[in-house]
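Please work through the exercises below with the sequence and the model open beside you, and try each task before reading its solution.

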Amino acid sequence: TDRVDKKSRAQVISGVTDNIKNKKLRPYEERLMKECGMHIAHVYDDRVRVPLIFSGPNIPSEKIITQQVRSIDIFPTITDLANIKAKEKSHGVSLVPLLNGETFDEQPVFMETAVNTNKSLSTNTVGIRTSYYKYFRDRNDTTKNIHLYDLKNDPLEEKNIFKEKPEISKTMESLLSKVINEEKISFEKSENTITDDERKQAIEKLKKLGYI
C-alpha cells in the first residue's frame with residue numbers, strides 16, 4: 001500500500017541520512033553525499049552556478065568574465081550577436097558589452113525550486129543572489145527555512161548567517177520581494193503528485209532521449 005511504501009521509503013532515507021551524519025563530514029561534503037543517494041532540489045551554488053560559454057564570430061577568444069550574469073540574459077545576447085531585433089521585450093539584457101570589455105551594473109539573480117511530490121526531502125524555495133550574498137527561504141512563508149550566506153568568505157555555503165546578520169537578511173528579502181513584484185512572478189500551490197507509473201514512464205522517456 002501507499003502507506004507502507006511511504007514508511008519503507010522514510011526508513012531507507014533515514015538510514016542513508018544517519019550513515020552520512022556518522023561520517024562527520026563538513027556541511028558541504030554532507031550535502032553532496034546526500035545528493036548522491038537521493039534527489040534534492042536546492043539553490044546552492046554547486047547546482048545553480050554553472051559556466052556560460054559563447055563561441056563564434058565577433059566573440060573575443062579566451063576572454064574570461066567573472067561578473068555574475070543570469071540565464072535570462074542568454075537569449076538577448078544571442079539576438080544581439082546575430083543582429084536580430086527581437087519582437088518581444090526580454091527580461092534579460094545583452095552581455096555583448098561585457099564581451100567587448102565594457103561594464104554595467106550587475107543584476108541580482110532570482111532563483112527558485114519547485115517540488116511537486118510529498119515524497120521529496122526538498123521544499124519549495126525562492127531566493128536571490130548577488131556576488132556577495134545569497135538569500136533564500138520558503139516560497140510561501142517568509143519566516144520559514146531562511147538561509148543567508150556570505151559568498152566571499154564562505155563560497156561553499158556552509159555557515160547560515162541569517163540570525164547573525166538580520167539587517168542584510170532584511171535587505172535581501174526586500175530585494176527578493178522587489179524582483180517578484182516587478183516581474184509579476186506568481187506561485188500556485190499544487191496538491192497534485194506524480195504517481196509511480198508516471199515516474200517510471202518519465203524515466204523511460206529520459207533514457208530514450210539520452211538524459212539518463
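**Exercise 1: the enclosed space**

Task: Find which residues line the largest cavity, and sort them by class.

Solution: In this predicted model, the lining of the largest cavity is made up of Gln68, Val69, Arg70, Asp73, Val93, Phe104, Asp105, Glu106 and Gln107. Sorting by class then gives three nonpolar, two polar and four charged residues. As a further step, take the volume, which is about 40 Å³ for the largest cavity, and note that the count of cavities of 30 Å³ or more comes to one.

**Exercise 2: the open space**

Task: Describe the largest pocket by its volume, its lining and the elements that contribute to that lining.

Solution: Begin with the volume of the largest pocket, which is about 1500 Å³. Next, turn to its lining, which consists of 44 residues, with Gln68, Val69, Arg70, Ser71 and Val109 lying nearest the centre of the pocket. The elements that supply two or more residues to this lining are α3 (45-48), α5 (96-99), β1 (109-113) and α6. Finally, the classes of the lining residues come to 26 nonpolar, seven polar and 11 charged. Comparing the two exercises, Gln68, Val69 and Arg70 are found in the lining of the largest cavity, and these three residues are also among those nearest the centre of the largest pocket.

**Exercise 3: the order of the elements**

Task: Work out how many helices and strands the chain has, and in what order the elements run.

Solution: Counting along the chain yields seven helices and four strands. Read from the N terminus, the order is α-α-α-α-α-β-β-β-β-α-α.

**Exercise 4: the nonpolar cores**

Task: Identify the residues of the largest nonpolar core, and say which element gives the largest share.

Solution: The first step is to list the members of the largest nonpolar core, which are the 10 residues Val126, Ile128, Tyr135, Ile146, Leu148, Ile161, Met172, Leu176, Val179 and Ile180. Both β2 (125-129) and α6 (166-182) supply at least two residues of this core, and the largest share, four residues, comes from α6. Another core lies apart from it and has seven residues, including Tyr44, Val109, Phe136 and Leu151. As background, nonpolar side chains tend to be buried together in soluble globular proteins.

**Exercise 5: the chain as a whole**

Task: State what share of the residues is buried, and how much accessible surface the chain has.

Solution: The chain has 212 residues, of which 27% count as buried. Its accessible surface comes to about 15200 Å², and 51% of that surface belongs to carbon and sulfur atoms. To complete the picture, consider contacts between residues at least 6 apart in sequence, of which 43% join residues at least 24 apart.

Technical notes
Residues numbered from 1 in each chain as written. Predicted model: local features only at pLDDT ≥ 70, side-chain atom pairs only at ≥ 80, totals over all residues. Heavy atoms only, no water. 1 Å grid on protein atoms, 1.4 Å probe; cavity = no way out; pocket = protein on both sides within 12 Å on 5 of 7 lines; lining within 4 Å. Points joined across faces, edges and corners; volume = space filled by probe spheres on them. Nonpolar A, V, L, I, M, F, W, Y, C, P; charged D, E, K, R; others polar. Buried < 20%, exposed > 50% of the residue type's maximum accessible area, 1.4 Å probe, protein only. Contact = heavy atoms within 4.5 Å. Areas by Shrake-Rupley, 256 points an atom, 1.4 Å probe, with all protein chains shown as cover. Core = buried A, V, L, I, M, F, W, Y, C linked by side-chain atoms within 4.5 Å.
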